[in-house]
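Welcome! Open your viewer, switch to a cartoon view, and follow along one selection at a time.

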Amino acid sequence: MTEMERHTYDVVVIGAGGAGLRAAIEARLQGKRTAIVCKSLFGKAHTVMAEGGAAAAMGNVNPNDNWQVHFRDTMRGGKFLNHWRMAELHAKEAPDRVWELETYGALFDRTPDGKISQRNFGGHEYPRLAHVGDRTGLEMIRTLQQKIVSLQQDDQRDLGDAEARLKVFAETTITSLTKDGDRISGAVGYTRENGTFVVFEAPAVVLATGGIGKSFKVTSNSWEYTGDGHALAMKAGATLLNMEFIQFHPTGMVWPPSVKGILVTESVRGDGGILKNSEGKRFMFDYVPAVFRKQYAETEQEADGWYDDSQNNRRPPELLPRDEVARAINSEVKAGRGSPSGGVFLDIASRLPADAIRKKLPSMYHQFKELADVDITAEPMEVGPTCHYVMGGVEVDPDTAAAVVPGLFAAGECSGGMHGSNRLGGNSLSDLLVFGRRAGVGASDYVDSLGSARPTVTDEDVQAARRHAEAPFDGDGGESPYALHAELQQTMNDLVGIIRKREEMEEALKRLEDLKARARRISVVGDKIFNPGWHLALDLSNMLIVSECVARSALIREESRGGHTRDDFPAMSDEWRKVNLVCRPDGDGVAVEKKPLPVMPPELLALFDRDELSKYMTEDELAILPGGDA
Amino acid sequence: MTYNARFRIWRGDDAAGQLEDFTVEVNEGEVVLDIIHRLQATQTPDLAVRWNCKAGKCGSCSAEVNGIPRLMCMTRMSTFPEADVVTVTPLRTFPVVKDLVTDVSFNYEKAREVPSFAPPAELQLGEYRMQQVDVERSQEFRKCIECFLCQDTCHVVRDHEENKPAFSGPRFFIRLAELDMHPLDTKDRKREAQATHGLGMCNITKCCTEVCPEHIKITDNAIIPMKERVVDTRYDPLIWLGSKIPRRSSTAADKALGSGQNAQAEQHARTRLREKPSDRTARRALADALRAQGQFAAAAEQTRVLVEQAGRGRGARLDALSAHAFALLTAVEAGQLTLDRVEDEVSTTVQDAQRLVSTGTVLSGTHALHHLVHGRLAEAVSHAREAIAWDRDRVARADDLVTLSEALAGLGEDAEAASALRESRSLWPTNPRLQAASVNLRSLGVASS
């Protein structure tokens, strides 16, 4: 009989990346007893890998910046499929959330007048990203981690117990959410160290589990990114929004094979790096789409002039939103103009002095030196697209981060809506802070609204959760979780990757059915003590649910937009822009339904030129705009 | 490009375990972590390893590769000759959970003992103003990815469980330095570092700096400036009073040893052992002090007690056993004990140590000396060379060079013998073994400087 721990909390936050930690800090500040549960050690979350920065319209570098400009850039980047209210809240609140980090001890790079410095990034009209060299995510995680420690020190001082009101359950995996009627009642999981089951009875659960990249073979994501929150939400009856939109970051490493997919930060381009094909041509000028033609330079001279004088020159096309750059690289390689290892060349060596490169991009310098034996101050890097981020996620209320199931909340990458069909670089770290905090407030308010009528976890719930988690040990079908995972990654990469076709996605869905059947025959070797085979078997069941959501939604959406490119439907469709695809559980599988995209109110629409809107919207929509008859 | 590599990997938990041998495929560009993953996928599905980003950014996959603390994701296979066995073992400073996974909770407990950033209360959101030059010093320390390799390599806590309560380690010295140098922090961190976190126990051997994957200059930029600032404030009456309270004699013994005052170290250690015979730091200091004075047999008496007191912890036990075997052998070498009398004890000790050994090379120096006293010179040379290739400790390297020099001299490789001796002398000029070795060399007609 395995041991079982039982805890009672007000709020349980699943995931200890930027969104989870910010949500937990907020819930604790609202006076709620809060638990943070995470699969890794405290402070190791995937957020540490974010390099570029946190986008916030503080206007420290260019005083013309403000929330309206940031809002516009975000909607453009997402091709107008974003939930307008999320984009609005995000643009308005990001500056305060970044400044708040300074009060926790963060040390961002500075402007000459001592303010937080801001850097240029793809899709952002002004220098906007607060950053620390190219390790901003690490700074953010460490800062939030240290804030949590400081709150624990307060509780040690005031209550004699550091963990009285805020405790981290590290290396603990949640495998099931429990419900009392239609409301969330808690979560059940196990500790990696010894396989002990842990039951959390809590009326509010915040999902902050990040993304799904580990379902793809070439990815910049760490092992944790197995779509746990997405899958837990589905199994609890919540809905997932627009899962077809997956961002392939244009610049991942392509050599050596074992590091294929590891990220090369967009800052390389923000700081002057350019993309070249095997013929030495700076090819991005050929790939500026009509909707962006006004904002991007047409000649190398103008593009190069922009770095020093952005008032009088337009931006270099290397800084187009990520989906555009990724597709351009894909096309160059397909046309036979790729680099030896199947990417293109990213050149910073000929653009900046060696010292400046080492100073501005220290971790890129080391990454290439140590993993590829390439000196980026002397030679170009080879780069290609890598699965980086999922725009789709748990459908939430923008203001409270509440999912459709009472008591369930979601923030950060595992929530959907904020980024539309494509996320701008830098908007993720700010998203984590803005909606992490909102989820903390939302969960606290919800707990307050319950009074003493709290949902409870029954023994049956616990036993069911346990049977699910232990199932891989009972299997005798001989399937290896490692082998199935490799097949899943290959399938998603090849058939639901950066460029998609109907037949291929239908084939993918067939293979997913087969993998689902085989996953039931997984046999795990060994015991419950830190057993990676068992961990992967459980993660795999989440990846399969999420992969099916991606493939089904991608098959249904017959247009190309942002992180969803259909070879058979290459154009953006005004009609499809009005549609959200919503996944809900359906027996053993996934059902997808169309729902209307919430309509942007007139005062926000007024921030855009009618010209620009006409590139995205239907005639009917444009007709209701002021001056619609003109 | 593809080849089959031989790996030895430690498997087990804190109570029991052993090195297991594997043969596994290696492809171009791969790192040690890739090979561990291939083993999981093909041979050992339950091999436990901690990892996250596989890009050197999260600091999860720390382990010892051929005895050197490293991130497995940043250790390229191309740095090892294809014929070599690659040995991977868990961090030695922390208890093993399973296989390559260790319990690093020590670090999270220490983190909670560092008082948090304390900004001026009157500053509002967005009002912080700091110059880049002023934040850069602290930014260097905030590069830390908490891989804890510095904690693993630090000899104050590596194999010294007893120092852990009083010593927070290099990771937290840079955290304190970071806060100390933060332009807007309002607390005194220097005294804190000295009083609560054991800064004084660090004798700046720079081992932490050497293993830092982020290339943070832990010793030069954090520890030494903090120590200097502590000295700067010595006229503060509180500090002055603190300095008058006698230190624990074992710490004093360690300190005396570090500065070469061996007789004084011996006295401090004996004083401390009279108060507390179970103080292993003091006993180790006594053994080291005796050995440094050439009293090898007396040193072996002390290392024997260390073995008896070592308990079940793998690291501490291994350390005691290898120290004891080495002490016995140096006593034989110096003619203070006869080989007949101690050979059984040496063999048993070495065998016991061998069972716990995790790096494959930890005992090479002992093996070399063992062969040497038996007159098996070629074996002595080969083991000594292996030991020197991996030695990170100055004293151990000096000793192994003496062994190498003597064995080479016996084989007639005079020039090489003399060069090894010269290098050894430069590392540890007062090593009493040097005299005997120099005499040996002179008797062979080898000039030694």
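## A walk around one sheet

Start by selecting residues 344-347 and 381-390 of chain A: these are strands β15 and β16, which run antiparallel and are joined by three bridges. Keep in mind as you look that this is a predicted model.

Now show the side chains of Val344(A) and Val383(A). Val383(A), in β16(A), is the residue that Val344(A) stands opposite.

Next, widen the selection to the whole sheet. How many strands does this open sheet have? There are four, in the order β13-β16-β15-β14 (chain A), and their pairing is antiparallel. Colour β13 (246-253) and β14 (274-276) of chain A to pick out the edges: each has a single partner strand, so one side of each is left without a neighbour in the sheet. Rotate the view to look for the twist: on average, neighbouring strands of this sheet are turned by 45 degrees against each other, direction ignored.

Add residues 322-334 of chain A, which form helix α8. This helix packs on the sheet and touches β13, β14, β15 and β16 of chain A. Its direction makes about 60 degrees with that of β13(A).

For the last stop, select Glu379(A), found in the loop between α10 (362-372) and β16 of chain A. Is Glu379(A) buried, partly exposed or exposed? It counts as partly exposed, because its relative accessibility is 37%, which falls between the 20% and 50% cut-offs. Leaving aside neighbours within four places in sequence, Glu379(A) is in contact with Ala349(A) and Val374(A). Finally, draw a distance line from the C-alpha atom of Glu379(A) to that of Phe345(A): these residues are 34 apart along the chain, and the two atoms are separated by 9.4 Å.

How values were computed. Residues numbered from 1 in each chain as written. Chains lettered and ligands numbered in written order. Predicted model: local features only at pLDDT ≥ 70, side-chain atom pairs only at ≥ 80, totals over all residues. Heavy atoms only, no water. Pairing = 2+ DSSP bridges. Helix = DSSP H or I, 4+ residues; strand = E, 2+ residues; numbered from the N terminus. Axes fitted to C-alpha atoms, helices over the stretch in contact; angles between N-to-C directions. Contact = heavy atoms within 4.5 Å. Buried < 20%, exposed > 50% of the residue type's maximum accessible area, 1.4 Å probe, protein only.
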